[in-house]
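User: Please take a close look at one part of this model: the aromatic ring pairs, and one pair that joins two chains in particular. Then work outward to the parts around other rings and contacts.

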Amino acid sequence: MRSPPIPEMATQEVQLSETLAHLKTESDTLKGKLEEERAKLHDVELHQVAEKVEGLGQFVMKTRRTLKGHGNKVLCMDWCKDKRRIVSSSQDGKVIVWDAFTTNKEHAVTMPCTWVMACAYAPSGCAVACGGLDNKCSVYPLSLDKNENLAAKKKSVAMHTNYLSACSFTNSDMQILTSSGDGTCALWDVESGQLLQSFHGHAADVLCLDLAPSETGNTFVSGGCDKKANVWDMRSGQCIQSFETHESDINSVRYYPSGDAFASGSDDATCRLYDLRADREVAIYSKESIIFGVSSVDFSLSGRLLFGGYNDYTINVWDVLKGTRVSILFGHENRVSTLRVSPDGTAFCTGSWDHTLRTWA
Amino acid sequence: MTINTLAKGGWHRDQMACFRKMEKVIVAMQDPDMGMKMRNQRLLITVIPHAMTGRDVINWLMQKYNMCEEEALHLGGMLVRYGYIYPLKEPRSLVLRADESPYRFQTPYFWTSTRWPATELDYAIYLAKKNIRKQGELMEYEKERYSVLHKRINHTWDFVVMQAREQLRASKQRRKADRIVLECQEQAYWLINRPPVSLTLSTFRIYFIAHFVCVCVCVCTFCLCLQIEFCRRALGRNRVKSSICLEGFVKYSEQYLSHDPIMQGCLPSNPWISDDTAHWTMNTEVRVPIPSRLRVERWSFSFMELLNDAMGRREFMTYLEKEFSAENLCFWQACEDIRHGENSRIVEKVEEVYKNFLAPGAARWVNIDSKTMDKTLKGIQHPHRFVMDDAQMHIYFLMKKDSFPRYLKSDLYKNMLAKAIVPQEVKKSVFPFMRRQRHSSPSPVPTLAQPAPVSDARAEKPERVDLPSSIVCVGHHSNHRKGSSAFTEFKARTSLST
């Protein structure tokens, strides 16, 4: 008996799903091969190499300054190159520039949107960039003239199709790197607002980024909700390395001071260290008793310590080499949303949903 | 947690992972062999079985996870806050007390993760039960919510009351002790999980739902293709043995250990701890007559360290001038300027660089190999941001391999190192009323009146910065620990225009 003719649509659907399945198998096979290749050169664990290193003694760090003034959750902060000023942004749309040493507020900007999730200080110290739910990144030149309305001089630089999750100036005030909930990162020229390069490859929102401190200064790393951390070439827009070992969203990525590795913090309550030359994950910083996700990570100046701000209001300090936890710091009354070590490594600053920022030393 | 997780209902996904981990802890706590020892607790006249004290909980956590009391208190507090353990004596106070206060484990039926989401309907039934059982037993906020719910889901109110009556009737048939336990459990559950009740659906939620753009579903094939291409490229990549890479970390940490203020302190003192900015003044970018020893030592760690320090770079330039190869560093700086500068000035800058450094017979001609030179000259025809990259790289490595090592051996560097100061350690003052004034510093933002440069950091006199008087300048305010001055400062600050 002759079978009835199959409608064209169904054939196309079948073909599409076959292609998809075929692609998926090919992708999985290649991924498996890649893992094998990576494992071949893995001859020793980090803590084994670190056995000969002296252990760390009693660790005492306290809150030295508390910055109060935000009316709602603090979402992001960044240090100025002068090692004492910071910029912070919050859910209520306010961006404040503080002298963290004296705890004075020096400038304040009210953004037209709420949830300002990203802010960055320009290398010259003369401008700040911020953005969030408005899908844009705007640059505000700072002015000491009391009569000047900072918002008037605002320059709209980046345009994404979803919220801005992170932004960072490159080596100068003239270029900004942004990451967005639309799954892409982008490099912009500040003066003209022109898109210089875009970076595609994440399969979901990109939550964080960090620029490499390398000599040639051409790469950066980004982390996203697809559990991947990608290393990109800023010139070509290509993804040159990718790591997928986390079990949940990656909230924060930060380069090791030498630029040969980077750390990531995730909602799966672990921080991980990835070596770029070995092309693999080399350490996991976790404990059974640490249950809540990491929102933000940063290294101390020598790279020996890794600070993590957690969603259970604490800060855990890890010995990067030995993989052990050195200390746990209490103080915030709500989740720690952002953490950055100062440019000269004398202190680190945390911002929290409890509306305050704290400097620890 | 991010906006994204909130939008996709992923709060659930994100929180579930945490719930599972907490449940693991709870299950371990109730393990018959290694778990906690339970006892009967007296609550007024009734005896509650299977209860424990706050002190028991903390001791168990300390022992099991090898943690200090503060951390055990914190972790235990989380377990109470999320409803896995509830207090018997003061049910509304969801904190863990390190004393004889009685607590009980919440039954898995009432775990947030089991019953997620808590619906308004269930909450209404619970409030109705409380209302019927003992008139006026509802708290103020419960009364409010009861009336709001009554308006909102008025159409199902008969059902609500009927259910409440049924459940009360069923509970009357239980033994008194069981009934009290169930009431405690239910109360604890609702204290934590009561849904936010507002008359209008929060605009916040609507906003996020509208913004929910699922990128991955639409571009699945695209992502897979990218993934495949990436894997193919990655397979051909050169990798380094782990032992070599990891050894690198150990060496780096060792080298920079004395430069890490958090690890080994800094001289004369850490400004954040001692309130003394001497450390910063001694290490400012360029305007320091004599640099610190650590700083000069750091220049020898790598060529990048030398260039990253403005003073180091200046010193290196002086050295190169002596060697008649200063054009290399100038060229490199000019290339950096192109790479990181404004788009609009690229063409003009490339012209300048060509004229000064690359053109035949140029005043400061740089010595690049012919291949790179040809490539660069060709690229200059159509100048773009990265046109100088190859040439810049060539000169950079030339300096790094040749000039830099010779600089480190030169008298110029050695003299600098010998002259460099090692500041005396200044310990933090023990007496609080001798705390130093916190001096403000000139803002990096340019002003009309240039502020006077800082001369002697150890002077106790307050710094005067020439800013318009309306700007808050706290160089001369004493440390604001005293109540009144803190208040006036706050007032002054809020008058700053936004």
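Analyst: The ring pairs come first, followed by other contacts and then the wider setting.

This is a predicted model, so local features need pLDDT of at least 70 and side-chain atom pairs count only at pLDDT 80 or more, while totals for chains, interfaces and linings use all residues; side-chain values use heavy atoms, without hydrogens or water. Residues are numbered from 1 along each chain as its sequence is written, with chains lettered from A and ligands numbered from 1 in the order in which they are written.

Over all chains, the structure holds 40 aromatic pairs. A pair needs rings of Phe, Tyr or Trp (its six-membered ring) with centres within 6.5 Å; planes under 30 degrees apart are stacked, over 60 edge-to-face, and the rest tilted. Phe292(A) and Tyr82(B) form a tilted pair, 5.5 Å centre to centre with 35° between the planes. This pair crosses between chains. Phe292(A) sits in the loop between strand S21 (280-285) and strand S22 (294-299) of chain A. Tyr82(B) sits in the loop between helix H4 (69-81) and strand S3 (85-87) of chain B. Helices (H or I, at least four residues) and strands (E, at least two) are DSSP runs, numbered from the N terminus.

How buried or exposed are the two partners? Phe292(A) is buried at 4% relative accessibility. Tyr82(B) is partly exposed at 21%. Buried means under 20% relative accessible area, exposed over 50%, and partly exposed in between (1.4 Å probe, protein chains only).

Tyr82(B) has a partner in chain B too. Phe19(B) and Tyr82(B) make an edge-to-face pair, 6.0 Å between centres and 70° between planes. Phe19(B) lies in helix H2 (residues 10-29) of chain B and Tyr82(B) in the loop between H4 and S3, so the pair ties together parts 63 residues apart in sequence. Phe19(B) is buried, at 3% relative accessibility.

Contacts across the chains also appear at Ser253(B). This residue lies in helix H13 (residues 242-256) of chain B and is buried at 4% relative accessibility. Neighbours within four places in sequence aside, Ser253(B) is in contact (heavy atoms within 4.5 Å) with Tyr256(A), Ser302(A), Gly303(A), Arg304(A) and Leu321(A).

Back to rings, now with charges. A charge sits over a ring if NZ of Lys or CZ of Arg is within 6 Å of the ring centre and within 35 degrees of the ring normal. Arg65(A) places its charged end over the ring of Phe101(A), 4.9 Å from the centre. Arg335(A) lies over the face of Trp353(A), 4.5 Å from the ring centre.

UniProt, in an unreviewed entry, places "repeat: WD" at six spans of chain A, including residues 157-198, 243-284 and 329-361. UniProt positions follow the numbering used here, feature names are shortened, and annotations may be inferred rather than shown by experiment. Residues 157-198 of chain A are 0% helix and 60% strand, with end C-alpha atoms 14 Å apart. For residues 329-361 of chain A, the values are 0% helix, 52% strand and 11 Å.

Gly265(A) lies in strand S19 (residues 261-266) of chain A. Gly265(A) is buried, with 0% relative accessible area. Beyond four places in sequence, the contacts of Gly265(A) include Asp249(A), Cys271(A), Val294(A) and Val297(A).

Chain B has 25 helices and four strands. Buried residues make up 44% of its 498 residues. For "domain: RGS", UniProt lists residues 302-417 of chain B in an unreviewed entry. That span is 74% helix and 0% strand, with end C-alpha atoms 16 Å apart.

Ring pairs also build a cluster in chain B. Among its members are Phe303(B), Trp332(B), Tyr407(B) and Tyr413(B). Tyr413(B) is one of the buried residues of helix H24 (residues 411-419), along with Met416(B) and Leu417(B). These cover an arc of only 100° around the axis, so they lie on the same side of H24(B). The arc is that of the directions from the helix axis to the C-beta atoms. On the other side of H24(B), Asp411(B), Ala418(B) and Lys419(B) are exposed. The buried residues of H24(B) pack against helix H17 (293-299), helix H19 (310-322) and helix H23 (389-409) of chain B.
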